[in-house]
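Grab a pencil and work through these exercises with the structure open beside you. Try each task before you read its solution.

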Amino acid sequence: MVDNLPVRSHVHKGLTIEGYSRGAVQSYWRCPELRVAFDLGGCPWSFTGTPTFFVSHAHLDHLAALPTIVARRRMMKMPPPTIYMPAEEVELSQRLLQTWQRLDRGKMVCTIVGVNPGDEYELSREHTVTVFKTTHSIPSVGYVIWERKKKLKAELIGRSQDEIRDLKLSGIEVDQEVKVPLLCYAGDTTPEGLDAYEPVYQAKILITEMTFFRPEHQPTKVHKFGHTHLYDIIFRSEKFKNELIILGHFSTRYQESQFRNLIADKFPPSLRDRVLLWL
């Protein structure tokens, strides 16, 4: 396997999160078990086989590799990828691919789906994805992947197996669909983008940003540019019901050595064991 870009990996209860994220550099994430990726600031060679990408917004560090994944899958004789992105950014992205097609002299074929907050799409029989609005300096969205399960209807709980079997044989539906928020990707956003959609705080795995954390980078100024500060996370510590919270997109103003004691020093006990800084 060609190692062309940095990739970190972490496994949580059967789901693998892979990728890299640094503010103004590049962000790209993948969950291979779900066959989806988030953002295209770069495209590691290992991501080439992923057929579906969810883009949060069109800043260069989140979308620069759009022509790369399209051309690479064509070269590898793979089906064209499907790329979801904010509806406002579809036309210009298509024009970008058309321009690159003229430069590259190779067809840039893909399916670009423009999304709006509130949209829902089927990924598979087991999973759907919903779109929610985030607050950044340009149009932006986040995504929640839901796991669909069949559960016995509440009014039938306590009935014997024979009774339930007879009801099914008579054509009565005994199950109901239950959706559980499995994975949330928030992209770049102020904390208001998290607050506006409750499943963000309920998903088993949450991937979000914490671009700034030093005191001199005041939250009010950070919010002006559409980002989240350490203090925003701490202030909301009781809201996070997630099993795992991955924080990334750190500003290039910081050195990695500055992160080492961040969790121990700053995060309250209710968050400390569930937070993973993506370095």
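**Exercise 1.** Work out whether K179 counts as buried, partly exposed or exposed in this predicted model, and what its side chain pairs with.

*Solution.*
- Step 1: K179 has 31% relative accessibility. Partly exposed is the range between 20% and 50%, so K179 counts as partly exposed.
- Step 2: Now look for a partner. The side chain of K179 meets that of E120 in a salt bridge, at 2.6 Å from N to O.
- Step 3: Place the two on the chain. K179 sits in strand 11 and E120 in strand 8, 59 residues apart, so this pair links distant parts of the chain.
- Step 4: Check the partner too: E120 is partly exposed, with a relative accessible area of 41%.

**Exercise 2.** Find out which parts the salt bridge between K13 and E243 ties together.

*Solution.*
- Step 1: The N to O distance is 3.3 Å, and the cut-off is 4 Å.
- Step 2: K13 is in the loop between strand 1 and strand 2, while E243 is in the loop between helix 8 and strand 13, so the bridge ties together parts 230 residues apart in sequence.
- Step 3: K13 is exposed at 69% relative accessibility, whereas E243 is partly exposed at 31%.
- Step 4: For the full tally, the count of salt bridges comes to seven.

**Exercise 3.** Decide which side of helix 3 is buried and which residues face away from it.

*Solution.*
- Step 1: Helix 3 covers residues 90-104 and reaches 21 Å from its first C-alpha to its last.
- Step 2: V90, S93 and L97 are buried. They span an arc of only 65° around the axis, which puts them on the same side of helix 3.
- Step 3: The opposite face carries exposed residues, among them E91, Q98 and R102.
- Step 4: What lies over the buried residues? The cover includes helix 1, helix 2, strand 6 and strand 7.

**Exercise 4.** Explain why strand 13 is largely enclosed, and name the strands it pairs with.

*Solution.*
- Step 1: Five of its five residues are buried, so strand 13 is largely enclosed by the rest of the structure.
- Step 2: Side chains in a regular strand alternate between the two faces of the sheet. Here L244, I246 and G248 point one way, I245 and L247 the other, and all are buried.
- Step 3: Strand 12 pairs with strand 13 in the parallel sense over five bridges, with E209 opposite G248.
- Step 4: Strand 14 also runs parallel to strand 13, joined by three bridges; V275 is the bridge partner of I245.

Notes
Residues are numbered from 1 along each chain as its sequence is written. This is a predicted model: local features need pLDDT of at least 70, side-chain atom pairs count only at pLDDT 80 or more; totals for chains, interfaces and linings use all residues. Side-chain values use heavy atoms; hydrogens and water are left out. Helices (H or I, at least four residues) and strands (E, at least two) are DSSP runs, numbered from the N terminus. The expected span of a helix is 1.5 Å times one less than its number of residues. Buried means under 20% relative accessible area, exposed over 50%, partly exposed in between (1.4 Å probe, protein chains only). The arc is that of the directions from the helix axis to the C-beta atoms. Contact means heavy atoms within 4.5 Å. Two strands pair if DSSP finds at least two bridges between them.
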